[in-house]
Amino acid sequence: METVVSGIRPTGNLHLGNYFGALRNFISMQNEHNCYFFIADYHSLTTHPTPADLNGNVRQILVEYLAAGLDPEKATLYVQSDVPEVAELYLFLNMNAYIGELERCTSFKDKIRQQPENVNAGLLTYPTLMAADILIHRATKVPVGKDQEQHLEMTRTFGNRFNRLYNVEYFPEPQAFNFGNELVKIPGLNGSGKMGKSEGEGNAIYFADEPEAIRKKVMKAVTDAGPTEPNQAKPEAIQNIFQLMKVVSAPETFSFFDQQYNACSIRYGDMKKQLAQDMINYTEPFRERIKAISSDEDFLLKVRKMGKEKAQENAARTIREIRKIIGF
Ligand code: TRP
């Protein structure tokens, strides 16, 4: 059994891409491993959200991840700022993180380009905070995408450096948890690229979307004038629509439209109508659970309290041991 840690950014609503990206794997991992999943609200301070936005986003993400199937009885599901031990470990790790290596980090270089008016020390030390998230539970596995591998590498560096400095073997080396083939790529609706909230208006289908909103977005999805020769290769935008259909529709529906495409008799309007309906049906149980959980304040408070307690028990032990190692 591995100890797994992963952070979830509290930005935006949950869409199909998130679900088929990491979330489904979190849901299966929680049955097999000792999992800590948390909402990374300390990290989001690097962009200076308003208190209302911060609070609303954290709540929404918690609701939606619960609705999608994260189980607070199986995994430890918590909010990062509910466990201030993380901040203490971050402080310790920062004493051993060098400016040069932090400045060389790709995500830092991207960030200073994106927000040149707010290049704060939290941005620079984002990797040490992430290392603290992981090392506080002495995790062995971290399910992350390619974009986070450098951060994970830095986490290993910081953990090993701590071990060497104090001549201990305290932190294990966390490794990336590779989903491999289980990752289903979900394209967006605007013709190219993957589903994502930064890919433009109407590109993503959110679990909280009402049926009418889903219908509108799907009907607006980019298509083309249609195939002119039998069995023609599909251009990207068309492939995308078919890929979405593969995920949410019945196999017969998919092959019906695939045959029509190959026979050049396809009418994209009909296909999109069907896709919209299947998308609505697919997301329906999520939508219902989001509404139910969102209106159950007692349940949410209970989940938060339980997560805080479970995470804090482990985190407090790490801090106690670390303080002793350091010499406090
Ligand atoms: N940096 C991660 C992201 O942008 C989120 C994150 C924060 C995280 N702390 C973590 C992921 C610890 C894994 C482990 O997606």
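**Entry 1: Asn163**

I began with the side chain of Asn163, where a polar atom lies 3.0 Å from the backbone oxygen of Phe171. I note here that the model is predicted. The same side chain reaches the backbone nitrogen of Tyr170 at 3.2 Å. I placed Asn163 in helix α9, residues 149-166. Is Asn163 buried or exposed? I found a relative accessibility of 10%, so Asn163 counts as buried. I then left aside the neighbours within four places in sequence and listed the contacts of Asn163: Val168, Glu169, Tyr170 and Phe171.

**Entry 2: salt bridges**

I looked up the salt bridges next, and the count by the rule is 15. I wrote down three of the pairs, beginning with Asp82 and Arg304, whose side chains meet at 3.0 Å, N to O. Asp82 is in the loop between β3 (76-79) and α4 (85-94) and Arg304 is in helix α14 (residues 297-326), so this pair ties together parts that are 222 residues apart in sequence. I checked exposure too: Asp82 counts as buried at 14% relative accessibility, whereas Arg304 is partly exposed with a relative accessible area of 28%.

Helix α14 came up again with Glu321, which forms a salt bridge with Arg138; the closest N and O atoms are 4.0 Å apart. Arg138 sits in the loop between α8 (126-135) and β4 (141-142), so the pair ties helix α14 to a part 183 residues apart in sequence. Glu321 is partly exposed, with a relative accessible area of 29%, and Arg138 counts as partly exposed at 32% relative accessibility.

For Lys234 and Asp258 I noted 2.6 Å between the closest N and O atoms of the salt bridge. Lys234 lies in the loop between α10 (211-219) and α11 (236-248) and Asp258 in helix α12 (residues 251-262), so the parts they tie together are 24 residues apart in sequence. Lys234 counts as partly exposed at 22% relative accessibility.

**Entry 3: the two domains**

I turned to the division of the chain: domain 1 is 3-184 + 296-326 and domain 2 is 197-291. Their contact takes 14 residues from domain 1 and 13 residues from domain 2. I recorded a C-alpha centre distance of 34 Å.

How much area do domain 1 and domain 2 bury between them? I have about 1,200 Å², with 74% of it on carbon and sulfur atoms. His15, Leu16 and Ala67 supply 44% of the area that domain 1 buries against domain 2, more than any other three residues.

I counted zero salt bridges between the domains and three residue pairs in polar contact across their interface. On the side of domain 1 that touches domain 2, α3 gives the most, with five residues. By class, that side has eight nonpolar, five polar and one charged residues.

Note on methods:
Residues numbered from 1 in each chain as written. Predicted model: local features only at pLDDT ≥ 70, side-chain atom pairs only at ≥ 80, totals over all residues. Heavy atoms only, no water. Domains from an automatic or database assignment. Contact = heavy atoms within 4.5 Å. Buried area = accessible area lost by both parts, 1.4 Å probe. Polar contact = N/O pair within 3.5 Å; in protein donor to acceptor, adjacent residues only side chain to side chain. Helix = DSSP H or I, 4+ residues; strand = E, 2+ residues; numbered from the N terminus. Nonpolar A, V, L, I, M, F, W, Y, C, P; charged D, E, K, R; others polar. Buried < 20%, exposed > 50% of the residue type's maximum accessible area, 1.4 Å probe, protein only.
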